[in-house]
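Here's a quick briefing to read with the structure open beside you. Take it one topic at a time and find each piece as you go.

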Amino acid sequence: MIYILDYGSGNLRSVQKAFEAVDVVAEVGADPSRARSADGLVLPGVGAFGHAMAELDGRGLIDLIKERIGAGVPFLGVCLGLQLLFEDSEESPGVQGLGIVPGRVTRLPDRVKVPHMGWNQIEIMQDSPLLDGVPDHSAFYFVHGFVGVPTFPAYVLTTTDYDDLTFVSSIQRENVAAFQFHPEKSSELGLKLYRNFGRWVYGRGR
Amino acid sequence: MLLKRIIPCLDVDRGRVVKGTNFVDIRDAGDPVELASKYDQEGADELVFLDITATHEKRDTMVELARRCAEELFVPFTIGGGISEVDHVRALLAAGADKVSLNSAPLRDPVLISSCAERFGSQCVVLAIDAKRVPGEGEPRWEAYANGGRLPTGRDAVEWAVEAVGRGAGEILLTSMDRDGTKDGYDLELTAAVSSAVNVPVIASGGAGNLEHLAEVILRAGADAVLAASIFHFGEFTVHRAKDYLYARGIPVRR
């Protein structure tokens with residue numbers, strides 16, 4: 001079972017129904033024992049970095065996430081869920097992130113329109129089972145004002161150009177992958193990413 | 001690079017699509033969710049639902065529409081039509097709407113824009129402006145109208161757009177009342193005047209009659225997105241074909 005972690009960050013139903021659309025069973029909840037027995041974990045979310053970390057902490061999910069990632073369980077972050085994987089964020093100075101991916105989250109510079117909102121393209125930097133069947137330059141739907149900046153380029157899965165800026169639009173480190181954009185709002189190709197995550201979790205047969 | 005968007009718009013009355021459609025392969029052409037889902041499959045980048053219900057159950061029917069759309073659509077969607085309270089906005093967003101569109105109410109009470117932007121973020125606050133050209137010599141001017149284009153407000157449409165963005169509107173949905181329904185093309189001067197005055201995306205609306213109209217408002221007037229109803233509803237063009245046309249004209253679109 002894939003478990004979508006609910007930490008009070010708004011509408012997680014859209015992520016769940018995206019999994020349903022590709023016949024992957026996904027539960028939404030914040031029950032640590034369910035999360036611990038899950039075959040794959042998903043961390044979605046919108047809102048502020050600091051608030052989200054406090055909510056995860058209040059539900060006892062921070063150590064659980066680290067433990068399951070350490071145990072090799074496939075993990076998917078979406079939007080804020082990508083940013084939370086970093087060490088910290090300019091959005092909430094002094095708040096520690098999950099620290100799974102070295103680096104920090106920075107504000108988009110003033111010279112571009114913030115938030116970055118709309119359909120934009122990805123440039124694929126490395127092969128990943130998550131991008132199976134997804135052509136280079138495919139478009140996905142973004143809404144965000146901050147971006148994750150990994151210390152090591154090896155963890156960059158895709159980048160995206162926005163005016164004269166190039167930022168990291170998805171990352172992967174072993175069993176952890178995350179997208180800055182919203183696959184659940186990105187029509188058919190977005191659904192493909194959830195299907196690919198399902199296959200990553202269960203193997204090709206499912 | 002950020003892509004230009006094509007946005008079909010559906011007018012909805014008591015949960016049903018108002019204007020007729022002649023899609024042949026659709027079970028219920030009056031069901032906004034089924035029609036929207038078809039547009040999603042055709043390549044629409046977003047959808048806008050304008051609820052024109054005049055009954056006092058309006059609020060509930062809009063929330064129900066948002067909830068059903070959220071179940072069926074995998075692209076962002078906006079709901080608008082007579083929204084005047086922060087609580088109503090909250091209910092629509094909680095039901096799964098990605099954005100709400102405000103029109104008449106903020107002309108009476110501009111603080112509504114900032115209240116919504118502060119609570120829910122600018123990214124989900126669209127300001128819709130119904131603008132009509134003011135007759136006269138010299139520089140063209142447009143007046144913002146309220147109540148579905150029935151009530152002149154005396155407000156200059158470009159100034160109103162600038163004020164609304166200052167108050168936190170994340171996007172402007174700009175309808176030319178002069179061109180709406182004419183199929184003569186978008187009002188390029190109006191669109192250019194607003195898009196050069198604000199630093200948020202401008203969605204051009206009103207007047208689309210063919211695919212070149214979509215291209216010219218993007219290329220010549222700086223529109224970030226084009227909204228159209230009848231050219232898609234009546235099956236003249238598919239969204240897919242419109243995308244191919246824009247792409248051939250050198251406009252970056254999702255295909």
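**Helices that cross in chain B**

H3(B) and H5(B) lie oblique to each other, because their angle falls in none of the ranges for roughly parallel, roughly antiparallel or roughly perpendicular. Keep in mind that this is a predicted model. Below, we start with that helix pair, then move on to the sheets, a packed helix and some unusual backbone spots.

- The axes of H3(B), residues 86-94, and H5(B), residues 111-120, cross at roughly 40° and come within 10 Å.
- The crossing of H3(B) past H5(B) is right-handed.
- On the H3(B) side, the contact uses Val86(B), Val89(B), Arg90(B) and Leu93(B). On the H5(B) side, you'll find Leu112(B), Ser115(B), Cys116(B), Arg119(B) and Phe120(B).
- Sort the residues in this H3(B)–H5(B) contact by class and you get 6 nonpolar, 1 polar and 2 charged.
- There's another pair to look at: H1(B), residues 32-42, and H2(B) have axes that come within 10 Å and cross at roughly 35°.
- H1(B) also passes H2(B) in a right-handed crossing.
- H1(B) brings Pro32(B), Val33(B) and Ser37(B) to this contact, while H2(B) brings Leu65(B), Arg68(B), Cys69(B) and Glu72(B).
- The class count for the H1(B)–H2(B) contact is 4 nonpolar, 1 polar and 2 charged residues.

**A loop residue after H3(B)**

- Ala95(B) sits in the loop between H3 and strand S5 (99-102) of chain B.
- Is Ala95(B) buried or exposed? Its relative accessibility is 13%, so Ala95(B) counts as buried, the cut-off being under 20%.
- Ala95(B) and Val63(B) are 32 residues apart in sequence, yet their C-alpha atoms are 6.3 Å apart in space.

**The eight-strand sheet of chain A**

- Trace this open sheet across its 8 strands in the order S2-S1-S3-S4-S13-S12-S11-S8, and you'll see mixed pairing.
- Which strands are at the edges? They are S2(A), residues 26-29, and S8(A), residues 123-124, and each of them pairs on one side only.
- S8(A) pairs with S11(A), residues 156-162, in the antiparallel sense over 2 bridges.
- Glu123(A) has Thr159(A) in S11(A) as its bridge partner.

**The three-strand sheet of chain A**

- Chain A also has an open sheet of 3 strands, in the order S5-S6-S10, again with mixed pairing.
- S5(A), residues 88-89, and S10(A), residues 146-150, are the edge strands; each has a single partner strand, so one side of each has no neighbour in the sheet.
- S5(A) and S6(A) run parallel and are joined by 2 bridges. Here Asp88(A) stands opposite Arg104(A) in S6(A).
- S6(A), residues 103-107, and S10(A) run antiparallel, with 5 bridges between them.
- Two places to spot that second pairing are Gly103(A), whose bridge partner is Pro150(A), and Thr106(A), which stands opposite Val147(A).

**A helix packed between neighbours**

- H1(A), residues 13-21, has these buried residues: Ser14(A), Val15(A), Gln16(A), Lys17(A), Ala18(A) and Phe19(A).
- What do the buried residues of H1(A) pack against? In chain A they meet strands S1 (2-5), S2 and S3 (40-43) and helix H6 (187-202), and they also pack against helix H2 (58-72) of chain B.

**Backbone spots worth a look**

- As background, most residues other than glycine have a negative phi, and most peptide bonds are trans.
- Asp23(A) isn't a glycine, but its phi is positive, at about 60°. You'll find Asp23(A) just after H1(A), in the loop between H1 and S2 of chain A.
- With a relative accessible area of 73%, Asp23(A) is exposed, because exposed means over 50%.
- Arg14(B) is another residue other than glycine with a positive phi, near 45°. Its place is the loop between strand S1 (5-13) and strand S2 (16-17) of chain B.
- Arg14(B) counts as exposed at 55% relative accessibility.
- Which way does the peptide bond from Val114(A) to Pro115(A) go, cis or trans? That bond is cis, with omega near 0°.
- Pro115(A) lies in the loop between S6 and strand S7 (116-121) of chain A.

Notes. Residues are numbered from 1 along each chain as its sequence is written. Chains are lettered from A and ligands numbered from 1 in the order in which they are written. This is a predicted model: local features need pLDDT of at least 70, side-chain atom pairs count only at pLDDT 80 or more; totals for chains, interfaces and linings use all residues. Side-chain values use heavy atoms; hydrogens and water are left out. Two strands pair if DSSP finds at least two bridges between them. Helices (H or I, at least four residues) and strands (E, at least two) are DSSP runs, numbered from the N terminus. Axes are lines fitted to C-alpha atoms, for helices over the stretch in contact, and angles run from 0 to 180 degrees between N-to-C directions. Angles under 35 degrees count as roughly parallel, over 145 as roughly antiparallel, 65 to 115 as roughly perpendicular and the rest as oblique. A crossing is left-handed if the near helix is turned anticlockwise from the far one by less than a right angle, and right-handed if clockwise. Contact means heavy atoms within 4.5 Å. Ala, Val, Leu, Ile, Met, Phe, Trp, Tyr, Cys and Pro count as nonpolar, Asp, Glu, Lys and Arg as charged, and the others, Gly among them, as polar. Buried means under 20% relative accessible area, exposed over 50%, partly exposed in between (1.4 Å probe, protein chains only).
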